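Please walk through the predicted model shown here, moving from local contacts to a helix, a pocket and some unusual backbone angles.

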Amino acid sequence: EKDIQDTFKLMENSILMVYDAKDAVVQLKKNIGYACYPKDTQDLGQLISLASLAMKRAEENDHNVIVQYEPEMSKKLDDNIKTAFKLRNAIHEANIDIYFQKIIHIESNQVKYLEALARWRDPELGYISPELFFKVALESNLIDYLEEYLVRQAIQKYASLKKIPEYQGAKLALNLAPSTFLRSDFINYIENQLQEFGLDNHEICIEVSENTFVHNFETCNYFINSYKQRGFEIAIDDFGREYSSLSILENIHYDIIKIDRSFINNMSSINNQAIIQMIIEIAKYSNKEIIAEGVERQIESEQLKQRNCYLQQGYLHHKPEKLI
């Protein structure tokens with residue numbers, strides 16, 4: 001027990017240590033996790049594995065922390081492995097559905113965009129949220145396999161929907177994961193799918209989530225320009241949720257801002273009203289489109305209309321469904 005306490009103090013001291021490097025002072029981000037023998041396991045190999053699980057949990061924290069192994073970490077890993085196995089099979093057997101949600105111009109009542117949404121219900125696990133299975137796909141290196149499947153399915157179904165008069169003027173909105181958007185070959189993959197189903201690039205809107213810009217702004221801008229040059233529309237998705245910066249709007253070539261639902265659902269807040277009005281004004285002066293996400297009540301829709309925001313998406317206007 002004394003050895004453990006001494007080791008723990010050593011780790012605590014090292015985690016806050018700074019290092020002199022010529023004229024700079026450097027502090028490293030340290031991810032430290034540990035497991036204890038014999039409480040956690042009596043097997044050396046497994047002890048190292050359990051410590052690694054604790055270290056992974058430390059990586060998720062923005063601060064330098066020391067994390068002790070807990071049994072729930074193993075359960076979470078087992079669950080993720082099971083989900084990843086089922087996810088691979090679901091993709092292979094085409095058991096992940098494409099739902100569409102209409103984005104409507106509330107004055108003309110025309111469908112301007114159809115956003116493709118992934119929905120998965122496993123016979124054993126039940127409904128699995130997109131947030132969870134995309135996270136599992138990233139952690140298990142299935143994200144490319146998943147995104148290629150979803151894009152192809154969405155384009156194929158959209159090509160059929162275009163034959164219906166209601167959707168002939170609607171564009172398809174594809175929300176790509178950051179790692180997929182930053183794949184140099186993915187734009188060619190999309191174009192090949194469009195060509196196969198007789199569609200044009202200008203019929204597609206690529207939604208780029210704000211957290212994409214965390215990776216590298218210059219790299220993101222390069223890919224945005226690549227998509228724009230080939231005729232795709234670009235929408236900044238969930239604007240205001242996490243990493244908002246007005247410099248993003250100033251320095252990239254986009255077509256649409258999608259105001260995050262967190263502002264829309266709390267429009268009674270004076271601060272939120274001011275932020276929404278500011279975003280709308282920026283879009284107006286930049287000659288860009290605005291889409292309000294998560295519109296669920298009539299009063300929200302009317303307040304947005306009064307602010308000249310006519311493109312709206314949400315349960316008030318349409319709940320996601322297969323459509324085809």
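The backbone nitrogen of Leu125 is a starting point: a polar atom of the Asp122 side chain lies 2.8 Å from this nitrogen. Asp122 belongs to strand E6, which covers residues 110-122. With a relative accessibility of 8%, Asp122 counts as buried, because the cut-off for that class is under 20%. Leaving aside residues up to four places away in sequence, Asp122 touches Lys86 and Ile128.

Helix H11 can be followed from one end to the other. Just at its N-terminal end, Ser269 acts as a cap, with a side-chain oxygen 3.3 Å from the backbone nitrogen of Asn271. The helix has 16 residues, 270-285. At 1.5 Å a residue these should span 22 Å, and the end C-alpha atoms are 23 Å apart, so the expected and the modelled length agree. After H11 comes Asn287, which has a positive phi, near 60°.

Which residues of H11 are buried? They are Asn272, Gln273, Ile276, Ile279, Ile280 and Ala283. Viewed down the axis of H11, these buried residues fall within an arc of 130°, and therefore they line one face of the helix. Ile270, Asn271 and Tyr285 are exposed on the other side of H11. The cover over the buried residues of H11 includes three strands, E10 (233-239), E11 (256-259) and E12 (289-292). Helices H10 (261-264) and H12 (298-306) are also among the elements that cover them.

H11 also takes part in a pocket. The second largest pocket has a volume of about 370 Å³. Its lining is made up of 20 residues, of which Lys288, Glu289, Ile290, Asn308 and Tyr310 are the closest to its centre. Which element gives the most to this lining? H11 does, with five residues. E6, H11 and E12 each supply at least two residues of the lining, and E6 is the strand in which Asp122 lies.

Tyr310, one of the residues closest to the centre of that pocket, is also touched by His105. His105 is found in strand E5, residues 96-105. The other contacts of His105, not counting residues up to four places away in sequence, are Gln110, Lys112 and Leu311. His105 has a relative accessible area of 21% and is therefore partly exposed. In sequence His105 and Ile291 are 186 residues apart, but their C-alpha atoms are 9.3 Å apart in space.

The backbone has some further points to inspect. Most residues other than glycine have a negative phi, and most peptide bonds are trans. The peptide bond from Tyr37 to Pro38 is cis, with omega near 0°. Pro38 has its place in the loop between strand E3 (31-34) and helix H2 (44-59).

Asp238 has a positive phi, near 55°, and is a residue other than glycine. Asp238 lies in strand E10, which is among the elements covering the buried residues of H11. At a relative accessible area of 14%, Asp238 is buried. Leu323 has a positive phi as well, near 65°. The place of Leu323 is in the segment after strand E13 (311-312). Is Leu323 buried or partly exposed? Its relative accessibility is 26%, so Leu323 counts as partly exposed.

Note on methods: Residues numbered from 1 in each chain as written. Predicted model: local features only at pLDDT ≥ 70, side-chain atom pairs only at ≥ 80, totals over all residues. Heavy atoms only, no water. Helix = DSSP H or I, 4+ residues; strand = E, 2+ residues; numbered from the N terminus. Buried < 20%, exposed > 50% of the residue type's maximum accessible area, 1.4 Å probe, protein only. Polar contact = N/O pair within 3.5 Å; in protein donor to acceptor, adjacent residues only side chain to side chain. Contact = heavy atoms within 4.5 Å. Expected span 1.5 Å × (residues − 1). Arc of directions from axis to C-beta. 1 Å grid on protein atoms, 1.4 Å probe; cavity = no way out; pocket = protein on both sides within 12 Å on 5 of 7 lines; lining within 4 Å. Points joined across faces, edges and corners; volume = space filled by probe spheres on them.
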